[in-house]
Amino acid sequence: MAKISLLRQARHDEGASAGAADATDAAGAALEALAAELAATAVERDRAGGHAAHERERIRASGLLRLSIPTAYGGTGAEWSTVLAAVRRLAEVDSALAHVFGFHHLQVAGVLLYGTPEQQAYFLAPTAERQLFWGNALNPLDRRVIARAELDGYRIDGVKSFSSGSVGSDLLTFSAWHKPSGTALIAALPTQADGITVNPDWDAFGQRQTDSGTVRFDHVRLEAIQVLQAPGVTPTARATLRSQVAQLIMTNLYLGIARGAFHEARRYVRDEARPWFASGVDRHVDDPYVQERFGEFWLRVQAAEALADLAGLKLDAALARGPSVTAQERGDVAVAGAQAKVLAHRAALAVGSELFEVTGASATSARYGYDRYWRNARVHTLHDPVSYKIRDLGRYALLDQAPEPTAYS
């Protein structure tokens, strides 16, 4: 299976500048080095869980936290399809830290899509210069964090769950419910701001190192420049593309899990597995039933990958339109993203669980850690029900009705 190219936006044959090509070549090399480093300890760390402080520092040192930040603010300025490819590559070896990495870039996307140029400079220039790590406390279904107007800003109080990457972060994007308007405020603050407490209480059976703690806000002061979307403001079609960035990060996370499971199963079958006595073959790889199952795995992964790549390019095209992007163009991205997510969801769960049917009982040894693929996929794919993605696709196929813009569609 071919490696993912990280050089999508800097190919010389498209006339990219030498500087842009060099920067992206360096990012690609850094990505491969980081993937190899994470792979060496992934099984042990998955078993231990907790906060991967050392590995997060290795991500920081790689320079890849700058990947999605525009060059005007000191970043690499990569297209989003390139960022998504990086998430996919890291998820092949460590889907928990790929999640942390992807959600860092999702918060950067929020600043770019919701923020003014002044806010973008305020948040992103220091992020690039100091290689700051962003975390997420924007769970829109949890309205326990309340925003109250105070002077020219707000006071924030409450608790937010499912805050991916919050433990060990430098900055946080969060949402807070504004009762007078019946809408949410979206803002960003330093994680160490007075009144913010991050509790490392994530205890799911998969994605054990996503640093998805519970964040508590106690009388936290929010200045006007830190408010990315004020209460009562209707987001533009372009701003609603943030949810599509989020969905495609998840899609590529699932696809990376599927690819990782496929590669490990193939390696084991080639190098270690013994044929079943009734197969009549000398090598396990020559068993026609094993070959049939690998054909199925391959189809699932290839189909999901093709749709994920297409969705990434559609996202790039929509974002390139800037403020001119239309609701219809946004809807096209949402449809492409939903298709890719459904197939990536299915591929991760299927390959992650069915690989044992071709590798055999010895492959269940804890030293391989092959169970992590299914566990990680199962936990993360529950983020939002895939049935609603299929419903959205059915509405589009039947009624030409694009998915309604929400935090999940």
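Before the close-ups, one cut-off: a residue is called exposed here when its relative accessible area is over 50%, and buried when it is under 20%.

**View 1. How far to trust this predicted model.** Mean pLDDT for the chain comes out at 94, with 95% of residues at 70 or more. The weak spot is residues 6-16, where pLDDT is below 50; even so, that stretch has 26 contacts in the model beyond near neighbours in sequence. Where pLDDT is low, the predicted coordinates should not be read in detail.

**View 2. Helix α11 and its two faces.** Residues 386-399 make up α11, a helix of 14 residues that reaches 20 Å from first C-alpha to last, close to the 20 Å expected. Its buried residues are K389, D392 and L393. They cover an arc of only 95° around the axis, so they sit on the same side of α11. That fits the usual helix arithmetic: with 3.6 residues a turn, residues three or four places apart point the same way. What do the buried residues of α11 pack against? Their partners are α6 (241-271) and α8 (327-354). On the face turned away from the buried side, α11 carries the exposed residues S387, L398 and L399. Just after the helix, D400 takes a positive phi of about 55°.

**View 3. The largest nonpolar core.** This core has 72 residues, and L90, F101, F294 and L315 have the most contacts inside it. Elements giving two or more residues to the core include α1 (18-48), α3 (80-93), α4 (95-114) and α7 (288-320). The largest share, 16 residues, comes from α6. Domain 1 (22-133) and domain 3 (237-399) each supply at least three residues to this core.

**View 4. Zooming in on L90.** Leaving out residues up to four places away in sequence, L90 touches L31, L34, A35, L38, S95, A98 and F101. Apart from the core of View 3 lies another one, of 18 residues, with A137, A193, V215 and V227 among them.

**View 5. Positive phi at L151 and F162.** L151 is not a glycine, yet its phi is positive, near 55°. Where is L151? Look in the loop between β2 (146-150) and β3 (153-163). Is L151 buried or exposed? At 84% relative accessibility, L151 counts as exposed. F162, also not a glycine, has a positive phi of about 50°, and this residue lies in strand β3. F162 has 55% relative accessibility, so it counts as exposed.

Methods: Residues are numbered from 1 along each chain as its sequence is written. This is a predicted model: local features need pLDDT of at least 70, side-chain atom pairs count only at pLDDT 80 or more; totals for chains, interfaces and linings use all residues. Side-chain values use heavy atoms; hydrogens and water are left out. pLDDT is the predictor's confidence in each residue, from 0 to 100. Contact means heavy atoms within 4.5 Å. Helices (H or I, at least four residues) and strands (E, at least two) are DSSP runs, numbered from the N terminus. The expected span of a helix is 1.5 Å times one less than its number of residues. Buried means under 20% relative accessible area, exposed over 50%, partly exposed in between (1.4 Å probe, protein chains only). The arc is that of the directions from the helix axis to the C-beta atoms. A nonpolar core is a set of buried Ala, Val, Leu, Ile, Met, Phe, Trp, Tyr and Cys residues joined through side-chain atoms within 4.5 Å. Domain bounds come from an automatic or database domain assignment.
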